[in-house]
Amino acid sequence: MYKFKTLTGEIAIDTEKCSACRAKPCIAACLPQILKEENAHPALVIDREAAAKGKCIECLACELDCHYQGKGGLTVLLPLPEVPA
Ligand code: SF4
Ligand code: SF4
């Protein structure tokens, strides 16, 4: 598992699933271009601190492309907004 923090949550990548994913669409989907391929899975091209400070814009594009065109290895974990009582 490869993980990194975002401004409000984290991204978890099941690297075993990535090994079987040829196209790796998550990388091209990332508009700020903070992902690269490393050891057959996506990894940060920037340092972890920068990703956690907002370079990852939490757009979910990587997760959507992974789900529809990849092998489902990537999950963006964001806290749910509070529901007013
Ligand atoms: S699209 Fe999903 S399964 Fe494929 S390399 Fe990216 S994170 Fe891994
Ligand atoms: S959530 Fe958006 S900005 Fe963050 S890694 Fe995925 S595609 Fe890139």
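These questions and answers walk through a predicted model of a protein chain with its ligands.

Visitor: Which pattern does the protein chain follow, read along the sequence?
Guide: The protein chain has four helices and five strands. Read from the start of the sequence, they follow the pattern β-β-α-α-β-β-α-α-β.

Visitor: How does the radius of gyration of the protein chain stand against the globule rule?
Guide: The C-alpha trace spans about 45 × 25 × 20 Å along its principal axes. For 85 residues the globule rule gives 12 Å, and the chain is close to that, so it is as compact as a globular protein of that length. The radius of gyration is 13 Å.

Visitor: What share of the contacts in the protein chain, at a separation of 6 or more, joins residues 24 or more positions apart?
Guide: One such pair of positions is leucine 35 and cysteine 62, 27 residues apart along the chain. Leucine 35 touches Cys62. Across the protein chain, residues 24 or more positions apart account for this share of those contacts: 58%.

Visitor: Which strands pair with β2?
Guide: Strand β1 (residues 2–5) pairs with β2 in the antiparallel sense over four bridges. These two form a hairpin with four residues between them. Strand β5 (residues 74–77) also pairs with β2 in the antiparallel sense, over four bridges. The partners are β1 and β5.

Visitor: Which residue is the bridge partner of tyrosine 2, and which stands opposite glutamate 10?
Guide: The bridge partner of tyrosine 2 lies in β2 and is isoleucine 13. The residue opposite glutamate 10 lies in β5 and is leucine 77.

Visitor: Which side chains of β2 point to the buried face?
Guide: Side chains alternate along β2. Glu10 and Ala12 point to one face and are not buried. The other face carries the buried pair, Ile11 and Ile13.

Visitor: Which element supplies the largest share of the largest nonpolar core?
Guide: The core has ten residues: Ile11, Ile13, Cys18, Cys26, Ile27, Ala29, Leu35, Cys62, Cys66 and Leu74. β2 (10–13), α2 and α4 (61–69) each supply at least two of them. The largest share, three residues, comes from α2.

Visitor: Why does leucine 35 count as buried?
Guide: Leucine 35 is found in strand β3 (residues 35–38). Burial takes 20 or more other C-beta atoms within 10 Å. Leucine 35 counts as buried because its C-beta neighbours inside 10 Å number 25.

Visitor: What separates the C-alpha atoms of leucine 35 and cysteine 62?
Guide: Leaving aside neighbours within four places in sequence, cysteine 62 is in contact with Cys26, Ala29, Cys30, Leu35 and Leu74. On the same basis, leucine 35 touches Cys26, Ile27, Cys30, Pro42, Leu44, Val45 and Cys62. The C-alpha atoms of leucine 35 and cysteine 62 are separated by 9.4 Å.

Visitor: Which residues come nearest to ligand 1?
Guide: The shell around ligand 1 has eight nonpolar, three polar and three charged residues. α1 (15–19), α2 (25–29) and β4 (41–44) each supply at least two residues of this shell. Of the 14 residues around ligand 1, the nearest are Cys18, Cys21, Cys66, Gly70 and Gly73.

Visitor: How many nonpolar residues does the shell around ligand 2 have?
Guide: Of the 14 residues around ligand 2, Cys30, Cys56, Cys59, Ala61 and Cys62 come nearest. The shell has no polar residues and one charged residue. Its nonpolar residues number 13.

Conventions. Residues are numbered from 1 along each chain as its sequence is written. Chains are lettered from A and ligands numbered from 1 in the order in which they are written. This is a predicted model: local features need pLDDT of at least 70, side-chain atom pairs count only at pLDDT 80 or more; totals for chains, interfaces and linings use all residues. A residue is near a molecule or strand if its C-beta atom, placed from the backbone, lies within 6 Å of it. Ala, Val, Leu, Ile, Met, Phe, Trp, Tyr, Cys and Pro count as nonpolar, Asp, Glu, Lys and Arg as charged, and the others, Gly among them, as polar. A nonpolar core is a set of buried Ala, Val, Leu, Ile, Met, Phe, Trp, Tyr and Cys residues joined through C-beta atoms within 7 Å. A residue is buried if 20 or more other C-beta atoms lie within 10 Å of its own, exposed if 12 or fewer, and partly exposed in between; C-beta atoms are placed from the backbone. Two residues are in contact if their C-beta atoms, placed from the backbone, lie within 7 Å. The radius of gyration is taken over C-alpha atoms; the globule rule is 2.2 Å times the number of residues to the power 0.38. Two strands pair if DSSP finds at least two bridges between them.
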